[in-house]
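Here's a short set of exercises to work through with the viewer open. Try each task before reading its solution.

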Amino acid sequence: MSPAGYVFLAVILFAIGGIGVLIRRNAIIIFLCVELMLNACNLAFVAFSRLHGNLDGQVVAFFVMVVAAAEVVVGLAILMAIYRARRSASVDDANLLKY
Amino acid sequence: MTTLAATGVFRVSWLLLAFPVFGAAVLLLGGRRTNRWGHLLGVAMPLAAFVYGVIAFFTLLGHSGNREIDLHMFSWIPVAAFQVNIGLLIDPLSIVFVLLITGVGSLIHIYSIGYMAHDAERRRFFGYLNLFIAAMLLLVLSDNYLGLYAGWEGVGLASYLLIGFWQFKPSAAVAAKKAFIANRIGDAGLSLAIMLMFAEFGTVNFTGVFGSAKSGGSGVGLALGLLLLLGACGKSAQLPLQSWLLDAMEGPTPVSALIHAATMVTAGVYLMVRSNPILAQSADARMAVAIVGAVTLLFGAIIACGKDDIKKSLAGSTMSQIGYMMLGAGLGPAGYAFAIAHLLAHGFFKAGLFLGAGSVMHGMDDEVNMRRYGGLWRIMPITFVTFSLAYLAIIGIPPFSGFFTKDPIIDAAWESGGTSGWLLGGAAIIGAGVTAFYMTRMMFMTYFGAGRWEEPGAPGGAEPRTGQPQSHEHALHPHESPAVMTWPMIILAIGSVAAGGFLIVNSRLVGFLAPVIGTPPTVHGLWTWPGGIALILVVLAAGLAWAMYGRVPVPAVAPRGSFVTVAARKDLYGDAFNESVLMRPGQWLTRLSVFFDSRGVDGLVNTIAATIGGSSGRLRRVQTGFVRSYALSMLIGAVLLVAGLLVVRL
């Protein structure tokens with residue numbers, strides 16, 4: 001099989017996620033975009049795992065999912081706290097921690 | 001040199017030190033509650049030491065053979081190879097110093113009761129005086145160089161405290177500091193000499209050092225001699241460390257008398273004479289001592305001629321007379337005994353002169369300018385007579401003391417032979433003439449002519465030196481001093497008349513000191529050619545002084561004077577020399593170091609710090625607080641990393 005199609009799809013997904021992180025202000029959208037990037041990576045892992053004929057890439061993909069789930073839990077909790085304090089989910093409003 | 005262990009009356013020779021130390025401790029620690037009787041205790045302690053000194057002296061005379069008695073007191077520094085004991089050495093040399101220090105010292109203490117009667121701090125003054133006596137006794141009694149050094153430093157401390165006794169006067173405080181610093185330079189020489197002794201001989205005891213000095217070679221002898229000479233120059237105010245002595249006149253007059261007659265400046269001569277086995281190793285070192293003495297005796301005498309301040313003139317005179325003693329000490333065994341004889345006689349007449357000057361100042365409301373004196377012989381007869389006797393003694397008119405003690409030094413210098421004999425002897429003879437000139441000048445300006453204290457004059461003339469305008473009820477009434485001040489002067493005057501003849505005739509002192517310092521190779525008659533020339537010069541110089549200050553009235557304001565007079569008034573530019581050669585370059589050096597430190601070292605460090613601080617300040621602007629810009633920089637970083645990896649791989 002040729003992995004080219006999967007890799008192109010993964011690159012496109014990763015680029016969409018990265019651009020979303022950089023240009024959107026809403027924290028929830030940013031989380032979604034981060035998930036998109038992670039899943040683009042998962043796709044690449046699984047595709048190359050299939051190409052090489054071993055399971056290493058698929059194992060890593062499972063790890064990534066677990067870590068992504070944990071990250072979302074922590075991230076959404078922080079987001080809730082910020083929203084309660086500031087009535088806003090924009091990441092640009094939470095800019096007190098600076099020089 | 002062998003010494004006997006102390007027995008009998010010498011077992012308690014520590015009393016000599018204990019008396020004045022006790023007095024100083026009680027008076028200085030006791031505080032105000034000793035004010036009422038403090039001065040009496042202060043007088044009793046040196047008197048007690050004097051009484052013990054007399055007993056010890058006669059006991060020593062009773063010993064027919066070895067007259068060197070060593071009392072071991074305790075081990076001060078017992079460290080492996082470095083053993084220092086505190087011990088007292090009573091031998092003919094130290095006992096004559098003990099008698100001089102305690103005897104003349106006691107008279108000055110008694111005099112101070114009257115002189116300092118109006119001073120609120122009289123008790124403290126007596127405490128310092130006792131400390132001075134104690135330190136000087138330790139200096140002359142110690143049986144090793146380290147103990148001597150302790151006394152040496154004690155004398156420096158006591159002189160500092162006493163010269164600056166009226167420390168509310170800035171001039172006194174400065175003079176005290178100056179004396180201390182000049183002495184420190186000399187002390188450095190002495191301490192280096194002691195270290196060299198320990199390095200070379202492994203001991204600092206007189207016995208050990210003098211025993212090994214013979215095998216030490218002339219190089220070590222020369223080095224030790226010159227270092228000891230440096231120490232003696234500091235303490236005895238010889239060239240080039242002479243400048244402190246004239247400023248030291250800021251202290252109360254009894255202090256000047258004590259410094260100049262009994263303690264302090266005699267320490268240098270004592271050191272030279274005591275170290276005679278070291279000087280014996282090096283003719284060059286002896287020559288250096290003699291040259292320093294000869295130059296200083298002329299230097300001091302010329303300064304004394306130019307001064308209108310009676311105490312400063314006497315201070316110049318002391319420098320000059322100590323110069324004679326150093327000259328004598330530099331002549332080797334030919335001169336040691338006469339240096340000591342002159343020192344003893346000088347102790348009497350110089351103390352008499354200073355106490356006389358103090359008495360005049362006491363009666364004249366602390367006026368020191370001789371141009372404001374005049375005609376005082378009628379008002380202060382006792383002061384006048386005692387001062388005159390001391391005057392005749394210092395200029396060396398027979399049969400007064402100075403004639404007997406100065407002439408052998410002049411003669412011995414003359415006999416040292418060759419060009420050096422001509423120069424040293426010539427300097428001593430000319431010095432005798434100059435001495436007669438300035439002392440006669442002092443006599444005429446102070447005691448004869450018309451009274452000039454009421455004449456209007458230059459600022460600082462008739463006004464008291466405190467600077468307050470003189471009110472009418474305090475108009476100047478010169479008066480004779482009380483008995484407590486005149487009696488010490490009378491006793492000192494008797495000493496001035498008789499001491500020299502007693503010591504020199506029949507070679508009494510020479511024979512007594514012979515075991516310590518050897519016998520002079522030649523016997524000097526009472527009348528010698530150089531002495532005769534000196535005597536003629538003395539009479540001529542006295543006549544010249546009469547023509548200039550006795551025959552014509554003395555102006556109450558100092559005339560301008562020739563360039564020699566101007567130079568003498570400025571201490572022959574001694575201070576100017578120190579300032580331009582030592583002080584200014586020192587200041588330049590410190591300024592240069594400060595400049596280098598603040599601009600160079602500090603500049604480098606500060607530049608680095610400022611660079612880092614400034615760039616950090618700019619760099620921290622990157623921390624904007626916007627999460628998305630962090631994400632962008634992470635992305636850029638990741639892209640760069642991947643690109644870098646690709647470049648390296650491909």
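**Exercise 1. Two cysteines and the disulfide count**

Task: Decide whether B:Cys305 is buried or exposed, then find how many disulfides the structure holds.

Solution: Keep in mind that this is a predicted model. Start with B:Cys305: its relative accessible area is 16%, and the cut-off for buried is under 20%, so B:Cys305 is buried. Next, run the disulfide count over all chains, and you get zero. A:Cys41 shows how that looks at a single site: the nearest cysteine sulfur belongs to A:Cys33 and sits 14 Å away. A disulfide needs the sulfurs within 2.5 Å, and A:Cys41 is in none. Finally, A:Cys41 has a relative accessible area of 30%, so call it partly exposed.

**Exercise 2. The cores**

Task: Which residues touch the most other members of the largest nonpolar core, and which helix gives the most to it?

Solution: The core has 197 residues, and the ones touching the most other members are B:Tyr145 and B:Trp244. Sorting its members by helix puts α15 of chain B (residues 336-363) on top, with 17 residues. Another core, of seven residues, lies apart from it; A:Val21, A:Cys33, A:Met37 and A:Leu79 are among them. Now zoom in on B:Trp244. Leaving out residues up to four places away in sequence, its contacts include B:Ile163, B:Ala179, B:Ile259, B:Met264 and B:Val265. Polar names turn up as well, B:Lys178 and B:Asn183 being among the residues B:Trp244 touches. As background, nonpolar side chains in soluble globular proteins tend to be buried together.

**Exercise 3. Ring geometry**

Task: Search for aromatic pairs over all chains, then classify B:Phe57 with B:Phe58 and B:Phe384 with B:Phe448.

Solution: The search turns up 19 pairs. For B:Phe57 and B:Phe58, the ring centres are 5.2 Å apart and the planes meet at 70 degrees, so this pair is edge-to-face. The two partners differ in accessibility: B:Phe57 is buried at 18%, while B:Phe58 is exposed at 54%.

Now do B:Phe384 and B:Phe448. With centres 5.6 Å apart and planes at 85 degrees, they are edge-to-face. B:Phe384 is in helix α16 (residues 381-395) of chain B, and B:Phe448 is in the loop between α18 (418-447) and α19 (483-504), so the pair ties together parts 64 residues apart in sequence. B:Phe384 is buried at 16%, whereas B:Phe448 comes out partly exposed at 29%. Follow the ring pairs outward and you get a cluster of B:Trp377, B:Phe384, B:Phe387, B:Phe444, B:Tyr447 and B:Phe448.

**Exercise 4. Where the chains meet**

Task: How many residues of chain A are in contact with chain B, and which salt bridge joins the two chains?

Solution: First, the contact list: 13 residues of chain A against eleven of chain B. The two chains bury about 1,000 Å² between them, with 61% of it on carbon and sulfur atoms. On the chain A side, A:Leu22, A:Asp92 and A:Tyr99 lose the most area, together 56% of what that side buries. Then look for charged pairs: the count between the chains is one salt bridge. It pairs B:Arg628 with A:Asp92, with the closest N and O atoms 2.7 Å apart.

**Exercise 5. A distant neighbour in sequence**

Task: Place B:Ala514 in its helix and give its C-alpha separation from B:Tyr336.

Solution: B:Ala514 belongs to helix α20 (residues 508-517) of chain B. Its relative accessible area is 22%, so B:Ala514 is partly exposed. B:Tyr336 is 178 residues away along the chain, yet the two C-alpha atoms are separated by 9.7 Å.

Key: Residues are numbered from 1 along each chain as its sequence is written. Chains are lettered from A and ligands numbered from 1 in the order in which they are written. This is a predicted model: local features need pLDDT of at least 70, side-chain atom pairs count only at pLDDT 80 or more; totals for chains, interfaces and linings use all residues. Side-chain values use heavy atoms; hydrogens and water are left out. A nonpolar core is a set of buried Ala, Val, Leu, Ile, Met, Phe, Trp, Tyr and Cys residues joined through side-chain atoms within 4.5 Å. Buried means under 20% relative accessible area, exposed over 50%, partly exposed in between (1.4 Å probe, protein chains only). Helices (H or I, at least four residues) and strands (E, at least two) are DSSP runs, numbered from the N terminus. Contact means heavy atoms within 4.5 Å. Rings of Phe, Tyr and Trp (its six-membered ring) pair if their centres lie within 6.5 Å; planes under 30 degrees apart count as stacked, over 60 as edge-to-face and the rest as tilted. Buried area is the accessible area (1.4 Å probe) that two parts lose on being put together, summed over both. A salt bridge is a side-chain nitrogen of Lys or Arg within 4 Å of a carboxyl oxygen of Asp or Glu.
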